[in-house]
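Colleague: Could you walk me through this one slowly? I'd like to get the overall picture before we go into details.

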Amino acid sequence: MTAATSVHCNRAGCANSAPPALSSAQLCLDHFLDEAFVRSDQALTRCREGIPLSKESLEWLLSDALATVKNLEESAEEPCPEQRDRMLELLLILANLHEYVAHHDVHFERPA
Ligand SMILES: [Zn+2]
């Protein structure tokens, strides 16, 4: 078993601890969800408006964020209904994003 080191969320003023799935990101569940919602929303808006988006950002959403939320969903010991709803909502948004990217030409920012 892994040592139970508790990692705290790195957001200013946040006293929550980061769940194991988020210990490397140093974010608590709420802040991770906030971040993922903002980023997926931006990515979808950019896709729809034909604005180039960053490849790293899209990759983060479709691989890291997706894997993390699935992991969280499976490992949540005490899924608070509100957080659970947000996780499911995020999965839905990521699925939409994935679908969109698979069927449209997405413009990426040129590497600097
Ligand atoms: Zn936090």
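**Fold and zinc site**

Modeller: Read along the sequence, the chain follows the pattern β-β-α-α-α, and please keep in mind that this is a predicted model.

Colleague: How many helices and strands is that?

Modeller: The chain has three helices and two strands, and its C-alpha atoms fill a box of roughly 45 × 30 × 30 Å when the box is taken along the principal axes.

Colleague: What share of the residues is buried?

Modeller: Of the 112 residues in the chain, 34% count as buried. The accessible surface comes to about 7500 Å², and 49% of that surface belongs to carbon and sulfur atoms.

Colleague: Now the metal. Which residues are the protein donors of the zinc ion?

Modeller: The zinc ion has Cys9, Cys14 and Cys28 as donors through their SG atoms, together with His31 through ND1, and these donors lie 2.0 to 2.3 Å from the ion.

Colleague: And why is the arrangement called tetrahedral?

Modeller: The angles that the four donor atoms subtend around the zinc ion run from 106 to 114°, which makes the arrangement tetrahedral. For that label, all angles have to lie between 85 and 135 degrees. As a reference, the ideal angle for four tetrahedral donors is 109.5 degrees.

Colleague: What spacing do the donors follow along the chain?

Modeller: The donors of the zinc ion follow C-x4-C-x13-C-x2-H. Within this set, Cys9 and His31 link distant parts of the chain, 22 residues apart: Cys9 is in the loop between β1 (7–8) and β2 (17–18), while His31 is in helix α1, which covers residues 29–49.

Colleague: Are those two buried or exposed?

Modeller: Both Cys9 and His31 are buried.

Colleague: Changing topic, what about Gln26?

Modeller: Gln26 is in the loop between β2 and α1, and it has a positive phi of about 55° although it is not a glycine. Its relative accessibility is 36%, so Gln26 counts as partly exposed, a label that applies between 20% and 50%.

Colleague: Last thing, the rings. Which charged residues lie over a ring face?

Modeller: Arg39 lies over the face of Trp60, at 4.0 Å from the ring centre, and Lys55 lies over the face of Phe108, at 5.0 Å from the ring centre. Apart from these charges, the structure holds one aromatic pair.

Colleague: And how many of the contacts join residues at least 24 apart?

Modeller: Taking the contacts between residues at least 6 apart in sequence, 55% join residues at least 24 apart.

Key. Residues are numbered from 1 along each chain as its sequence is written. This is a predicted model: local features need pLDDT of at least 70, side-chain atom pairs count only at pLDDT 80 or more; totals for chains, interfaces and linings use all residues. Side-chain values use heavy atoms; hydrogens and water are left out. Donors are N, O and S atoms within 2.8 Å of the metal (3.2 Å for Na, K and Ca); water is not among the atoms, so sites may look incomplete. Four donors count as tetrahedral if all angles lie between 85 and 135 degrees; four count as square planar and six as octahedral if opposite donors are over 155 degrees apart and all others between 65 and 115; anything else is irregular. Helices (H or I, at least four residues) and strands (E, at least two) are DSSP runs, numbered from the N terminus. Buried means under 20% relative accessible area, exposed over 50%, partly exposed in between (1.4 Å probe, protein chains only). Rings of Phe, Tyr and Trp (its six-membered ring) pair if their centres lie within 6.5 Å; planes under 30 degrees apart count as stacked, over 60 as edge-to-face and the rest as tilted. A charge sits over a ring if NZ of Lys or CZ of Arg is within 6 Å of the ring centre and within 35 degrees of the ring normal. Contact means heavy atoms within 4.5 Å. Accessible areas come from the Shrake-Rupley method with a 1.4 Å probe; for residues, only the protein chains shown count as cover.
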